Amino acid sequence: MTGIIGYGAYIPKYRIKIDDIANFYNKNGESIIKRSLGSSFQLIANEATERVDRTLYEVYNNIQIWSELELMQEVITDDLDGKISSFLMGLSKDYGYLSSIDALNSSGEVVASSNLEFIGRDFAENDYYKNTIGGKTYMEDVHLDKINEE
């Protein structure tokens with residue numbers, strides 16, 4: 001008959017005293033924690049930046065697609081039947097994080113918007129209108145939307 005005939009344990013000859021471990025972490029603990037937290041915060045920041053970048057890229061591509069929809073040709077007639085505004089309101093609900101989605105005519109006047117209060121407003125003097133009507137991309141730093149606060 002075979003079976004377990006005993007148990008063994010390895011006890012090292014030289015052990016680190018608990019006091020030495022406590023002293024080490026007491027002296028170096030703050031820098032260890034800062035290093036660990038710094039790495040964690042950096043990882044979180046990188047992940048958040050990547051998510052924002054992907055979202056903005058998606059919105060940019062979607063805007064390109066929306067602008068080519070046959071429906072958008074109604075900008076020429078100033079969206080008399082409100083189809084573009086209805087479409088933009090639906091998009092605004094779907095996205096949720098865009099303060100408003102507007103369609104401007106070639107004069108810089110809002111002819112359709114997800115925010116009906118903007119219809120008729122003139123943005124011809126705004127930098128974003130001037131750049132985009134000239135065929136240039138316009139970008140600026142993130143900021144609170146002053147237009148929606150009015």
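A residue counts as buried when its relative accessible area is under 20%, as exposed when that area is over 50%, and as partly exposed in between. The exercises below apply this definition to a predicted model.

**Exercise 1. Describe the overall make-up of the protein: which elements does it contain, in what order, and what share of its residues is buried?**

Step 1. The secondary structure consists of 4 helices and 2 strands.

Step 2. Read from the N terminus, these elements follow the order α-α-β-β-α-α.

Step 3. The protein has 150 residues, and 19% of them count as buried.

**Exercise 2. Find the salt bridges and classify the accessibility of each partner. How many salt bridges does a search of the whole structure find?**

Step 1. Side chains of opposite charge can pair when their charged atoms come close. The criterion is a side-chain nitrogen of Lys or Arg within 4 Å of a carboxyl oxygen of Asp or Glu.

Step 2. The search of the whole structure yields 2 salt bridges.

Step 3. One of them joins aspartate 81 to lysine 83, with the closest N and O atoms 3.7 Å apart. Aspartate 81 has a relative accessibility of 45% and is therefore partly exposed. Lysine 83, at 46%, is likewise classed as partly exposed.

Step 4. Glutamate 125 and lysine 130 also form a salt bridge, in which the closest N and O atoms are 3.6 Å apart. Glutamate 125 has 63% relative accessibility, so it counts as exposed. Lysine 130 has 42% and so counts as partly exposed.

**Exercise 3. Examine aspartate 79. Where does it lie, is it buried or exposed, and what does its side chain reach?**

Step 1. Aspartate 79 is located in the loop between H1 and helix H2, which spans residues 83-95.

Step 2. Its relative accessible area is 5%, and therefore aspartate 79 is buried.

Step 3. Despite being buried, aspartate 79 has no salt bridge; lysine 83, the nearest side chain of opposite charge, is 8.2 Å away.

Step 4. The side chain of aspartate 79 does reach the backbone nitrogen of isoleucine 84, at 3.0 Å.

Step 5. The phi angle of aspartate 79 is near 50°, a positive value in a residue other than glycine.

**Exercise 4. Compile a description of two further loop residues, aspartate 78 and asparagine 105. In which loops do they lie?**

Step 1. Aspartate 78 belongs to the loop between H1 and H2. Although not a glycine, aspartate 78 has a positive phi of about 60°.

Step 2. The relative accessibility of aspartate 78 is 36%, so this residue is partly exposed.

Step 3. Asparagine 105 is found in the loop between E1 and strand E2 (110-113). Its relative accessibility is 12%, and it therefore counts as buried.

Step 4. Asparagine 105 and aspartate 79 are 26 residues apart along the chain, and their C-alpha atoms are separated by 9.8 Å.

**Exercise 5. Characterise the largest pocket. What is its volume, and which residues lie nearest its centre?**

Step 1. The volume of the largest pocket is about 2,400 Å³.

Step 2. Its lining comprises 44 residues, and those nearest the centre are Ile63, Ser100, Tyr128, Thr132 and Tyr138.

Step 3. Two or more lining residues come from each of helix H1 (18-67), strand E1 (102-104), helix H3 (127-133) and helix H4 (146-149). H1 provides the largest share, 10 residues.

Step 4. Sorted by class, the lining contains 24 nonpolar, 12 polar and 8 charged residues.

Note on methods: Residues numbered from 1 in each chain as written. Predicted model: local features only at pLDDT ≥ 70, side-chain atom pairs only at ≥ 80, totals over all residues. Heavy atoms only, no water. 1 Å grid on protein atoms, 1.4 Å probe; cavity = no way out; pocket = protein on both sides within 12 Å on 5 of 7 lines; lining within 4 Å. Points joined across faces, edges and corners; volume = space filled by probe spheres on them. Nonpolar A, V, L, I, M, F, W, Y, C, P; charged D, E, K, R; others polar. Buried < 20%, exposed > 50% of the residue type's maximum accessible area, 1.4 Å probe, protein only. Lys, Arg positive; Asp, Glu negative; His and termini not counted. Polar contact = N/O pair within 3.5 Å; in protein donor to acceptor, adjacent residues only side chain to side chain.
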